[in-house]
Amino acid sequence: MDAVVLILLGVVLCFFGTRSIRLAVTVAGGGAAWLLADALGASSLTTVLVAIAGGIGALVVSLLAMSFVFFVIGLFVGAVVGSKLYVLADSGTGTGEGGWLLAVVFVPAFALLSGFLASRFKRRFLSWGTALAGAALILSGIGQLGSDTVDDLWRPESSFGAVVLAVLWLGLSFVGARLQIQGSRRS
C-alpha cells in the first residue's frame with residue numbers, strides 16, 4: 001500500500017506538477033512528510049497520518065501566503081528532493097536509522113534553497129522541481145514494492161546502488177520536466 005501511494009503521488013507531481021499549483025503543493029507536502037516519517041521508522045498508520053497532515057499543512061500555508069506562493073511551493077518540493085537526497089547520503093550504512101540531526105538540518109536547508117529558487121524563477125524552476133520531487137517519490141515507491149532487485153531505489157545499501165538510483169532519478173526527472181514544459185507551451 002505504501003509503495004502504491006508513493007508511486008501515485010510521484011506520477012502526479014512528476015508529470016502534472018505545474019498544471020495545478022494547489023495540487024502540487026498538497027502532494028509535495030504529503031510526499032515530503034511521508035518520506036521523512038518512513039525514513040525515520042514510523043509505523044504505517046503514523047506515516048499515513050503524518051503525510052495527510054503534511055499535505056494539508058502545505059496547502060494551508062500556501063493559501064495563507066498567496067503572495068509567496070512560489071516560495072512556499074518551492075519549499076515543499078525542495079523538502080521532497082531534500083528527503084531523497086538525505087536517503088542517498090545515508091545509503092550504505094545498512095542500518096536504516098540515519099542521523100535524525102542530519103535530516104533536521106539538511107532537509108529544511110534544501111527546502112529553503114528551493115523556495116528561493118522557485119520565487120526567483122517561478123514556473124521554469126517548478127517544472128524541474130516538481131519533476132525531481134515526483135521522480136523521487138516514484139522511485140521510492142518502486143523501491144518499497146518488496147522485490148530484492150529494486151530495494152536500492154528506496155534505500156541504497158551500496159555505492160553502486162546509490163549511483164543507479166541517482167541516474168534513474170535524473171533520467172525520470174528529465175522526462176517529467178520535458179513533458180511539463182511541452183504541456184505548458186500548448187496551453
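**Figure 1. Helices H2 and H4 are roughly parallel to each other in this predicted model.** The label follows from the angle, because their axes cross at roughly 30° and angles under 35 degrees count as roughly parallel. The two axes come within 9 Å, with H2 covering residues 21-39 and H4 covering residues 69-89. The crossing of this pair is left-handed. To find your way around the contact, start on the H2 side with Ile21, Val25, Ala28, Gly29, Gly31, Ala32, Leu35, Leu36 and Ala39. Across from them, H4 brings Val69, Val72, Ile73, Phe76, Val77, Ala79, Val80, Ser83 and Val87. By class, the contact of H2 with H4 holds 15 nonpolar residues, three polar ones and no charged ones.

**Figure 2. The whole protein, for orientation, is built from seven helices and zero strands.** Along the sequence, the pattern reads α-α-α-α-α-α-α. The radius of gyration is 15 Å, close to the 16 Å that the globule rule gives for 187 residues, so the protein is as compact as a globular protein of that length. If you would like box dimensions, the C-alpha trace spans about 45 × 30 × 30 Å along its principal axes. Buried residues account for 47% of the 187 residues. Among contacts between residues at least 6 apart in sequence, 76% join residues at least 24 apart.

**Figure 3. Helix H1 passes H2 in a left-handed crossing.** H1 runs over residues 2-16, and its axis comes within 10 Å of that of H2, at a crossing angle of roughly 145°. On the H1 side, the contact is made by Asp2, Val5, Leu6, Leu9, Val12 and Leu13. Their partners in H2 are Leu23, Ala24, Val27, Ala28, Gly31, Trp34 and Leu35. The contact of H1 with H2 counts 11 nonpolar residues, one polar and one charged. Readers coming from Figure 1 will recognise some names: Ala28, Gly31 and Leu35 are among the H2 residues that meet H4, and they also belong to the contact with H1.

**Figure 4. Helices H4 and H5 are oblique to each other.** Their axes come within 6 Å and cross at roughly 140°. Angles over 145 degrees would count as roughly antiparallel, so at roughly 140° the pair is oblique. The crossing of H4 and H5 is right-handed. Sorted by class, the contact of H4 with H5 contains 17 nonpolar and seven polar residues, with no charged ones.

**Figure 5. Leu85 sits in helix H4 and is partly exposed.** Its relative accessible area is 25%. Leaving out residues up to four places away in sequence, Leu85 touches Phe106, Phe110 and Trp169. For a distance check in your own viewer, try Leu85 and Ala58: they are 27 residues apart in sequence, and their C-alpha atoms are 20 Å apart in space.

**Figure 6. Ser140 is a buried residue of helix H6.** The helix spans residues 123-143, and the relative accessible area of Ser140 is 0%. Not counting residues up to four places away in sequence, Ser140 touches Leu6, Leu35, Lys84, Leu153 and Trp154. Two of these partners were met in Figure 3, where Leu6 of H1 and Leu35 of H2 take part in the contact of those helices.

**Figure 7. Lys122 lies in the loop between helix H5 and H6.** H5 ends this view on one side, covering residues 100-121. Keep an eye on the backbone here: Lys122 has a positive phi of about 50° although it is not a glycine. Most residues other than glycine have a negative phi. With a relative accessible area of 41%, Lys122 is partly exposed.

**Figure 8. Gln180 and Gly183 both belong to helix H7.** Gly183 places us in a helix of residues 159-186. Gln180 is buried, with a relative accessible area of 4%, and Gly183 also counts as buried at 5%. Neighbours within four places in sequence aside, Gln180 is in contact with Leu13, Cys14, Phe15, Phe16, Gly17 and Thr18, and also with Leu126, Ser127, Thr130 and Ala131. For Gly183, a handy ruler is Trp128, 55 residues apart along the chain, with 13 Å between the two C-alpha atoms.

How values were computed. Residues numbered from 1 in each chain as written. Predicted model: local features only at pLDDT ≥ 70, side-chain atom pairs only at ≥ 80, totals over all residues. Heavy atoms only, no water. Axes fitted to C-alpha atoms, helices over the stretch in contact; angles between N-to-C directions. Helix = DSSP H or I, 4+ residues; strand = E, 2+ residues; numbered from the N terminus. Parallel < 35°, antiparallel > 145°, perpendicular 65-115°, else oblique. Left-handed = near helix turned anticlockwise from the far one by under 90°. Contact = heavy atoms within 4.5 Å. Nonpolar A, V, L, I, M, F, W, Y, C, P; charged D, E, K, R; others polar. Rg over C-alpha atoms; globule rule 2.2 N^0.38 Å. Buried < 20%, exposed > 50% of the residue type's maximum accessible area, 1.4 Å probe, protein only.
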